[in-house]
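Hello,

Here is the structure I promised to pass on to you. Have a look at it first, and then read my notes below.

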Amino acid sequence: MAALTAREKRTVRVAVIGIAIYLAVFLGFRLWQKLEAGRTNYQQLLTRLQREQRDVRTAENQVRLFQKLTEAYRLDPRKLPKETLVAEASSAIQNAARQGGFQLGPVRESAGRGSSRELSTIQFDGFGPLPAALTMIHKIQTLGYPVMIDSLQLAQDPTKPGMLKVNATLVILNFEQWKTEEVPNA
């Protein structure tokens, strides 16, 4: 092979440098794209992981809250008898009143309003000393039934000093309707 002149050598060097720069830029761009795609995938996985961890913490908090409320109010909706719920709740309310020394008058049960999430409504009148009335009101919440006090009227009985007249309307909640509707984000 013939020897290259100085000018040809310079041209070859410039061509090699040009090709090296072209390859460096082209391959560098491709490498940068791959690294960027990997970084994007990593960020997406990290975001998904954080969202999953947040969902797990939320579920754990809901379970803890459910357990706490179940223990505090002695209420477990999974164990409630759906067929006899109203009768058993009414009986438990009457027993709690008797045990606390509160005398109940007539107890009226009626079907709940169809548009709301009520199973039934219980209305009763009664009288007794103030501590017995307050004890009965407190026990209503811890009977183990989904009972909510809708209205409560307290008045002093003028015929008997130290006695309190109570007129209450209680609502028994229907958990089946509460479960079907999605809770709005608050």
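**What I found**

R39 is partly exposed, with 45% relative accessible area. Before I say who its partner is, please keep in mind that this is a predicted model.

Which residue does the side chain of R39 meet in a salt bridge? The partner is E36, and the N to O distance is 2.8 Å. E36 is partly exposed as well, at 28% relative accessibility. Both residues sit in helix 1, and because they are 3 residues apart there, about one helical turn separates them. As a general point, side chains that carry opposite charges can pair when their charged atoms come close.

How many salt bridges does the structure hold? There are 2, and another pair to look up is R108 with D125, where the closest N and O atoms are 3.9 Å apart. R108 lies in strand 1 (residues 103-111) and D125 in strand 2 (residues 118-129), so this pair ties together parts that are 17 residues apart in sequence. R108 is partly exposed at 37% relative accessible area, and D125 is partly exposed at 27%.

**The chain as a whole**

If you would like to get your bearings, the chain has 4 helices and 4 strands. Followed along the sequence, they come in the order α-α-β-β-α-β-β-α. The chain counts 186 residues, and 22% of them are buried.

**Back to helix 1**

Helix 1 covers residues 6-73, and there is more to see on it. Try finding I19, Y22, L23, F26 and L27: together they make a nonpolar surface patch of about 500 Å². L23, one of these residues, is found in helix 1 and is partly exposed, with a relative accessible area of 40%.

Two other members of the patch, Y22 and F26, deserve a second look for their rings. The number of aromatic pairs in the structure comes to 2. In the pair formed by Y22 and F26, the ring centres are 6.0 Å apart and the planes are at 10°; planes under 30 degrees apart count as stacked, so this pair is stacked. Why are Y22 and F26 separated by about one helical turn? Because they are 4 residues apart in helix 1.

Are Y22 and F26 exposed or partly exposed? Y22 counts as exposed, at 52% relative accessibility, while F26 counts as partly exposed, at 34%.

There is a charged patch to find too. R7, K9, R10 and R13 form a positive surface patch. K9, for one, has its place in helix 1 and is partly exposed, with a relative accessible area of 41%.

**One more spot to visit**

Finally, go to E88 in helix 2, which spans residues 85-99. This residue counts as partly exposed, at 30% relative accessibility. How many residues apart along the chain are E88 and Y145? The answer is 57, and their C-alpha atoms are separated by 8.5 Å.

If you want a route for your own tour, you could begin with the salt bridge of R39 and E36, go on to the stacked rings of Y22 and F26, and end with E88 and Y145.

Enjoy exploring, and write back with any questions!

Best wishes

Note on methods:
Residues numbered from 1 in each chain as written. Predicted model: local features only at pLDDT ≥ 70, side-chain atom pairs only at ≥ 80, totals over all residues. Heavy atoms only, no water. Phe/Tyr/Trp six-rings, centres within 6.5 Å; stacked < 30°, edge-to-face > 60°. Helix = DSSP H or I, 4+ residues; strand = E, 2+ residues; numbered from the N terminus. Buried < 20%, exposed > 50% of the residue type's maximum accessible area, 1.4 Å probe, protein only. Patch = residues over 30% accessible without salt bridge, like charges linked within 9 Å, V, L, I, M, F, W, Y side chains within 5 Å. Areas by Shrake-Rupley, 256 points an atom, 1.4 Å probe, with all protein chains shown as cover. Salt bridge = Lys/Arg side-chain N within 4 Å of Asp/Glu carboxyl O. Lys, Arg positive; Asp, Glu negative; His and termini not counted. Charge placed at Lys NZ, Arg CZ, Asp CG, Glu CD.
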